[in-house]
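User: Hi! I'm new to reading protein models, and I'd like to understand why things get the labels they do. Could we go through one together?

Analyst: Happy to! Here it is.

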Amino acid sequence: MTSPSLSISPQAAAAPASGIAAVMKHGFGRPDVVPLWVGEGDLPTPALICRAAAAALERGETFYVPQPGIPELRQALARYHDRVYGGLFGKPFEPGRFFVTGSGMQAIQLAVRIVAGVGEEILVPTPAWPNFPASVGVAGAHAREVAMRFDPAGWTLDLDLLEASISPRTRAIFLNSPSNPTGWTADPPLLQAMLDLSRKHGLWIIADEVYGRFTYSKALAAPSLHSLVTEDDRVLFVNTFSKNWAMTGWRIGWIEAPAALGPTIENLIQYSTSGVAAFMQRAACAALDDGEAFLAAQTERCRRGLESVASALSTSSRIAFAPAGAFYLFFRIDGITDSTAFAGRLLRETGIGLAPGRAFGMAGEGYFRLCFARDAETLSTAAERLLALLDHDA
């Protein structure tokens with residue numbers, strides 16, 4: 001808590017503590033902990049990506065870079081999107097649409113700065129990753145929660161409720177699909193309806209497609225606004241290298257935006273980080289051009305992890321879930337009304353580290369997020385310990 005004698009901005013003072021980190025800090029250093037609370041897998045970055053970074057350092061690429069990113073990476077991003085989405089507006093993606101950022105988190109922060117100012121609002125369907133509404137608040141704007149609903153068929157977003165939440169201060173809608181934490185994935189009709197809503201009210205959409213490749217159907221990627229937008233639509237796509245290519249610690253991502261926003265985005269990058277290190281961008285090029293086999297193997301591993309943990313937890317009548325995408329199981333335990341307290345108890349008594357649902361907004365209370373991008377033995381151990389505790393309480 002900040003000392004009252006220290007005068008700081010209201011936005012900084014109001015920045016909330018992470019409900020995920022609050023549980024994690026109690027588990028650091030414990031050898032028995034099964035850490036399934038954070039959004040990363042247990043695989044290291046592939047060697048081909050690391051070699052590209054090392055080679056760039058050996059060549060002496062340690063100087064300033066162009067603010068929007070080195071041309072080679074912007075071109076690689078365009079090629080990658082062509083392969084995955086088959087072009088944009090009926091033609092190949094333009095490299096000028098891509099801007100390299102110091103992580104997906106920075107991409108989100110810049111997107112918020114572009115679309116909303118102090119006192120304005122962004123609608124956030126929840127449960128949602130807590131960093132997004134927090135980044136809105138730090139920027140001086142307000143994140144207005146729109147609660148999604150859960151039933152045995154899965155999570156649903158009520159478009160009437162979403163539209164009713166629009167106020168004169170609303171500037172944008174945050175769309176994370178596939179979703180962290182729920183795995184909810186918007187289908188094409190819903191994406192079209194949200195796009196129509198944004199057009200009707202003159203709103204931006206911040207489309208977080210970080211988990212777009214973690215879909216467990218035969219499709220190469222989850223449904224995307226890329227297939228629906230026109231050149232006049234107000235859509236900012238935010239993404240990261242962290243999940244697809246096991247690069248969480250590298251801190252590199254991108255914004256995809258209309259090229260006309262280039263000068264604005266370049267200025268925001270200049271006044272925040274002044275660009276991403278060249279050797280990291282070379283590594284990112286390798287990930288995009290040569291990392292598809294790793295990504296395919298990782299998503300298959302996640303599919304097996306999902307099947308394993310879902311099969312185990314479905315044996316309990318107290319647990320309900322409906323996964324669809326991303327690499328999280330977001331499950332409810334009947335009878336639990338304080339997910340933060342129960343997550344603490346799980347950690348103390350079983351060593352299982354789960355993220356409490358309350359950290360993802362009020363709509364997440366009573367739920368828990370489990371990252372299944374892990375090895376089978378770890379997931380089996382976590383499921384056994386959780387089921388044993390629930391059996392003990394029965």
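User: Let's begin with two helices. Why are α5 and α9 called oblique to each other?

Analyst: This is a predicted model, and in it α5 and α9 pack at an angle of about 125°. Angles of 65 to 115 degrees count as roughly perpendicular and those over 145 as roughly antiparallel. The value for α5 and α9 fits neither range, so the pair is oblique. Their axes are 11 Å apart, and the crossing is right-handed.

User: Which residues make the contact between α5 and α9?

Analyst: On the α5 side they are Leu110, Arg113 and Ile114. On the α9 side they are Ile265, Leu268 and Ile269.

User: What puts the buried residues of α9 on the same side of the helix?

Analyst: The buried residues in α9, which spans residues 262–270, are Gly262, Ile265 and Ile269. They cover an arc of only 70° around the axis, so they lie on the same side of α9. The buried residues of α9 pack against β2 (98–101), α5 (104–115) and β10 (253–256).

User: Now the cysteines. Why is Cys50 not counted in a disulfide?

Analyst: A disulfide is a covalent bond between the sulfur atoms of two cysteines. To count here, the two sulfur atoms must be within 2.5 Å. The closest cysteine sulfur to that of Cys50 is in Cys285, 15 Å away, so the two are too far apart for a bond.

User: And how do you know that Cys302 is in no disulfide?

Analyst: The nearest cysteine sulfur to Cys302 belongs to Cys371 and is 7.1 Å away. The cut-off is 2.5 Å, so that pair does not qualify. By this rule the count comes to 0 disulfides.

User: Are Cys50 and Cys302 buried or partly exposed, and what makes them so?

Analyst: Buried means under 20% relative accessible area, and partly exposed runs from there up to 50%. Cys302 is at 2%, so it counts as buried. Cys50 is at 31%, so it counts as partly exposed.

User: What about Ile49: why is it called buried?

Analyst: Ile49 has a relative accessible area of 0%, so it falls under the 20% limit and is buried. You'll find Ile49 in helix α3, residues 47–58. Leaving out residues up to four places away in sequence, Ile49 touches Trp245, Met247, Trp250, Ala283, Ala286 and Ala287. The C-alpha atoms of Ile49 and Cys285 are separated by 8.3 Å, with the two residues 236 residues apart along the chain.

User: How do you know that Phe150 counts as buried?

Analyst: Phe150 has 16% relative accessibility, and buried means under 20%, so Phe150 counts as buried. Phe150 is in strand β5, residues 149–151. Not counting residues up to four places away in sequence, Phe150 touches Trp155, Ala320, Phe321, Ala322, Arg332 and Tyr367. As for Arg332, it is 182 residues apart from Phe150 along the chain, while their C-alpha atoms are separated by 9.8 Å.

User: Ser316 is in a loop. What makes Ser316 buried?

Analyst: The relative accessible area of Ser316 is 13%, which is under 20%, so Ser316 is buried. The loop in question runs between α11 (292–313) and β11 (319–320). Aside from neighbours within four places in sequence, Ser316 is in contact with Leu387 and Leu390.

User: Why are Arg251 and Ser274 called partly exposed?

Analyst: Arg251 has a relative accessible area of 38%, and Ser274 is at 24%. Both values fall between 20% and 50%, so both residues count as partly exposed. Arg251 is in the loop between β9 (235–240) and β10, whereas Ser274 is in the loop between α9 and α10 (278–290).

User: What can you say about phi at Arg251 and Ser274?

Analyst: Arg251 has a positive phi of about 60° although it is not a glycine. Ser274 likewise is not a glycine and has a positive phi of about 60°.

User: Last one: which peptide bonds leading to Pro127 and Pro181 are cis?

Analyst: The bond from Thr126 to Pro127 is cis, with omega near 10°. The bond from Asn180 to Pro181 is cis too, with omega near 25°. Pro127 is in the loop between β3 (121–126) and α6 (131–138), and Pro181 is in the loop between β7 (170–176) and α8 (188–201).

Definitions and conventions:
Residues are numbered from 1 along each chain as its sequence is written. This is a predicted model: local features need pLDDT of at least 70, side-chain atom pairs count only at pLDDT 80 or more; totals for chains, interfaces and linings use all residues. Side-chain values use heavy atoms; hydrogens and water are left out. Buried means under 20% relative accessible area, exposed over 50%, partly exposed in between (1.4 Å probe, protein chains only). Helices (H or I, at least four residues) and strands (E, at least two) are DSSP runs, numbered from the N terminus. The arc is that of the directions from the helix axis to the C-beta atoms. Contact means heavy atoms within 4.5 Å. Axes are lines fitted to C-alpha atoms, for helices over the stretch in contact, and angles run from 0 to 180 degrees between N-to-C directions. Angles under 35 degrees count as roughly parallel, over 145 as roughly antiparallel, 65 to 115 as roughly perpendicular and the rest as oblique. A crossing is left-handed if the near helix is turned anticlockwise from the far one by less than a right angle, and right-handed if clockwise.
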